[in-house]
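Student: Could you take a close look at how the strands pair up in this one? I'd like to follow the partners, residue by residue where you can.

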Amino acid sequence: MITVKNVSKKYRIYHSPADRLKEIVTRKKYHKDLQALSGISFSVADGETLGIVGENGAGKSTLLKILQGVVIPDEGEVEVTGKVTGLLELGTGFNHELTGIENIYMNGTLLGMSKDEIDSKRDEIINFTELGDAINDPIKTYSSGMLMRLGFSIAIHADPACFLVDEALSVGDAYFQQKCMRAIQAFKEKGGSIIFVSHDMNAVKTLCDAAIFLEKGSMVNFGNTKEVVDLYLNVILQKSHQGDLPVNIQEKKTEKKYNMNYSETSTGEVELVSFKVFNEKGNEISYIESENVIRVVYEIKPLRDFDEPHYGLMIRNTFGVSIFETNTYCMNVETEKIQKDQNVKVEWLMNLPLSPGAYSFSVGVANKGFDRGSFEEYSLLAHDVEVVTILLNDESIVYGGLLNLKPSICILNKD
Ligand SMILES: Nc1ncnc2c1ncn2[C@@H]1O[C@H](COP(=O)(O)OP(=O)(O)OP(=O)(O)O)[C@@H](O)[C@H]1O
């Protein structure tokens with residue numbers, strides 16, 4: 001169990017090391033303060049995974065360092081039952097002149113392991129790294145991926161109560177990253193808590209039970225992962241929008257025109273008038289068997305003229321993970337200019353080879369596309385306007401995973 005109460009941290013920024021000295025000698029202020037964290041409070045129960053999201057410089061690493069005891073907060077308290085270890089800033093706690101094995105002893109001791117404990121886990125730690133003979137070489141010869149393998153292996157074997165995971169994990173190759181994720185999952189199943197910092201929103205949604213959105217050191221939101229991540233993505237969208245009007249985020253509650261509660265990021269220049277899903281026979285549906293064709297129809301009302309409008313659709317699973325998303329710009333579909341109050345009906349026809357479950361639909365309208373799918377103006381993003389349940393198709397093969405890729409297979413029996 002981790003409890004963080006009202007934690008704040010200020011850094012002093014000096015232009016040069018000389019300013020630090022001048023300040024001591026003259027007792028005049030030669031620094032400016034940077035509030036890296038203010039008034040952060042949350043708790044993480046045993047077996048729970050908490051995600052932390054936020055833009056660069058939001059204070060995520062500072063918070064992790066405080067939890068690990070590497071940085072002392074100016075105010076507030078952190079209570080941890082047990083040990084906190086993790087993979088922060090590759091190479092911290094390592095001596096680069098020493099070998100991999102020597103560093104296991106040194107770093108293990110720093111993480112609170114006794115010599116006997118390290119002796120007993122030494123082979124397990126080495127085997128997990130799969131570094132082979134390189135474990136006897138000084139770690140100054142290691143690549144960042146090799147350092148990460150060593151750091152992760154020591155940290156996860158140090159018997160922590162809470163494991164901190166940040167972007168350092170991403171320097172590992174795909175094989176080792178998956179191995180780490182399996183080890184983290186096993187740690188969680190044994191009742192360990194995890195704090196996960198990532199810019200990969202799909203990973204946060206899949207792994208975390210709750211999430212925190214940090215902005216400029218303050219907690220903007222703490223709670224349901226999907227809601228926190230959606231809010232974060234909406235804020236990012238607001239910042240990429242270059243139009244004259246600001247994009248506002250609102251929680252919409254409407255009469256049953258479409259789904260009851262959905263969140264909308266909008267400039268107020270486009271309204272979603274209706275949203276419906278039909279089967280092949282033209283009946284409106286809220287459930288359908290997998291691998292059937294659906295027709296999605298939505299109508300929008302522009303409240304101003306658009307020169308280069310584009311229309312998008314996104315399908316997400318119950319974790320909020322995007323299963324498929326695209327738009328007319330990405331599909332190279334030419335669209336016509338639209339004028340104020342001239343409603344537009346957009347129809348999508350597609351097959352849904354998705355595994356059984358509930359899926360939500362989101363609608364986007366933007367103006368002036370560029371690059372591989374960015375827009376100058378994000379006029380409307382209405383999340384989760386409708387939910388459709390996909391039922392098992394008895395005629396389908398039995399498969400696991402998110403969707404049926406309908407493979408063909410060829411087996412050659414050699415004599
Ligand atoms: N040792 C330090 N001295 C001075 N300022 C610092 C120090 N460490 C961090 N900061 C500042 O504190 C703020 C928060 O930094 P932090 O590294 O915690 O952000 P972050 O959310 O982890 O960012 P990123 O996503 O880029 O890793 C930033 O403005 C950063 O410049």
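Tutor: Two strands count as paired when DSSP finds at least two bridges between them. Strands here are DSSP E runs of at least two residues, numbered from the N terminus. Bear in mind that this is a predicted model, where local features need pLDDT of at least 70, side-chain atom pairs count only at pLDDT 80 or more, and totals for chains, interfaces and linings use all residues. Residue numbers start from 1 along each chain as its sequence is written, and side-chain values use heavy atoms, with hydrogens and water left out.

Let's start with β1, which covers residues 2-14. β1 has an antiparallel partner in β4 (residues 75-80), and 5 bridges hold that pairing. To find the register, put your cursor on Lys5: its bridge partner in β4 is Glu77. Now slide along to Lys9, where the partner is Leu37, and that residue sits in β2. So much for single residues; β2 itself spans residues 31-44, and β1 pairs with β2 over 10 bridges, again in the antiparallel sense.

Next up is an open sheet of 6 strands. Reading across, you get β5-β6-β7-β3-β8-β9, and the pairing is mixed. The edges belong to β5 (84-87) and β9 (218-224), each of which pairs on one side only. Going from one strand to the next, the twist averages 20°, where axes are lines fitted to C-alpha atoms and angles run from 0 to 180 degrees between N-to-C directions.

It's worth zooming in on one pair inside that order. β6 (residues 162-165) and β7 (residues 193-197) run parallel, and 4 bridges join them. A handy landmark is Phe163, which stands opposite Ile194 of β7.

Then there's an open sheet of 3 strands, with β12, β14 and β17 in that order and antiparallel pairing. On the outside you'll find β12 (270-278) and β17 (344-351), both edge strands that pair on one side only. Here the twist from one strand to the next averages 15°. For a close-up, follow β12 against β14 (residues 293-302): the two are antiparallel, with 8 bridges between them. Ser274 is your marker for the register, standing opposite Glu299 in β14.

If you're wondering what these bridges stand for, strands of a sheet pair through backbone hydrogen bonds, either parallel or antiparallel.

To put the strands in their wider setting, pull back to the whole chain. Its domain assignment gives domain 1 (2-228) and domain 2 (244-391), with bounds that come from an automatic or database domain assignment. Between the C-alpha centres of domain 1 and domain 2 there is a distance of 39 Å. As for where the two meet, 4 residues of domain 1 are in contact with 7 residues of domain 2, contact being heavy atoms within 4.5 Å.

For a quick tour on screen, try Lys5 with Glu77, then Phe163 with Ile194, and finish on Ser274 with Glu299.
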